[in-house]
Amino acid sequence: MKQLYMFYLGGNAGHANIEVHDVQFIACNSWQEAVPALKALWFGDRDKIHIDGWQIVSWADGYDISLSEVPPNQAEKLYFVNVGGYRRGTLAEAHDFGLFVAATPAEAKQKALAALLPDSLIPHKDNLKDVDNLLPLSEVGGLHIHLTANPAGKPSEIGFQGYQPI
């Protein structure tokens, strides 16, 4: 049965002097099955893409997450939020991202800004996105995301963290 995977990709892009990153969501049975789609989605140099990490997304923000061919009938949606901010004495902008369940994009933004980069000096929202360039993560690979309340749940362990060229 397909599960929702979140991939953290890295690589080179054009004339960039440092490694660049992206996050992609794929509905698949295994991380290996996602490789062709990840390569197709990568915006940078095709010969430099690698996976820095992946995780099965089975729970987030008090909800179990499952995939179905049938659309859900609920107000809450899953949001991916990427937040950036600055830390004293560091030139680079810091980033953190997470998954939040909310009824509106504004609620998801509020939750993310409260939870991510609490020690940054100038927090700001960089990107509120999903794989369809819409705010909610509602459908991935033709499958709909369903949320079931489970306040006692916890995120899946990170499946991989390191350097995996693809």
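The paragraphs below walk through one sheet of this predicted model and then turn to a single residue within it.

The sheet is an open one, built from four strands that follow the order β2-β1-β3-β12, and the pairing between them is antiparallel. At its edges are β2, covering residues 20-28, and β12, covering residues 158-165, each of which pairs on one side only. On average, neighbouring strands of this sheet are turned by 20° against each other, when direction is ignored. As a general point, the strands of a sheet pair through backbone hydrogen bonds, and they may do so in either a parallel or an antiparallel manner.

Within the sheet, strand β1 (residues 3-11) and strand β3 (residues 50-56) run antiparallel and are joined by six bridges. One can look for Gly 10 in the structure and find that its bridge partner in β3 is His 50.

Strand β3 also holds Gln 55, and here one may ask whether this residue is buried or exposed. Gln 55 counts as buried because its relative accessibility is 17%, which falls under the 20% cut-off for that term. The side chain of Gln 55 reaches the backbone oxygen of Ser 156 at a distance of 2.5 Å. Leaving aside neighbours within four places in sequence, Gln 55 is in contact with Leu 4, Tyr 5 and Met 6, and also with Pro 155, Ser 156, Glu 157, Ile 158 and Gly 159.

Finally, an unreviewed UniProt entry lists residues 16-67 and 91-134 under "domain: DUF1543". In the model, the span 16-67 is 13% helix and 44% strand, and its end C-alpha atoms lie 37 Å apart.

Definitions and conventions: Residues are numbered from 1 along each chain as its sequence is written. This is a predicted model: local features need pLDDT of at least 70, side-chain atom pairs count only at pLDDT 80 or more; totals for chains, interfaces and linings use all residues. Side-chain values use heavy atoms; hydrogens and water are left out. Two strands pair if DSSP finds at least two bridges between them. Helices (H or I, at least four residues) and strands (E, at least two) are DSSP runs, numbered from the N terminus. Axes are lines fitted to C-alpha atoms, for helices over the stretch in contact, and angles run from 0 to 180 degrees between N-to-C directions. UniProt positions are given in the numbering used here, feature names are shortened, and annotations may be inferred rather than shown by experiment. Buried means under 20% relative accessible area, exposed over 50%, partly exposed in between (1.4 Å probe, protein chains only). A polar contact is a pair of N or O atoms within 3.5 Å; within protein, one must be able to donate a hydrogen and the other to accept it, and residues adjacent in sequence count only if both atoms are side-chain atoms. Contact means heavy atoms within 4.5 Å.
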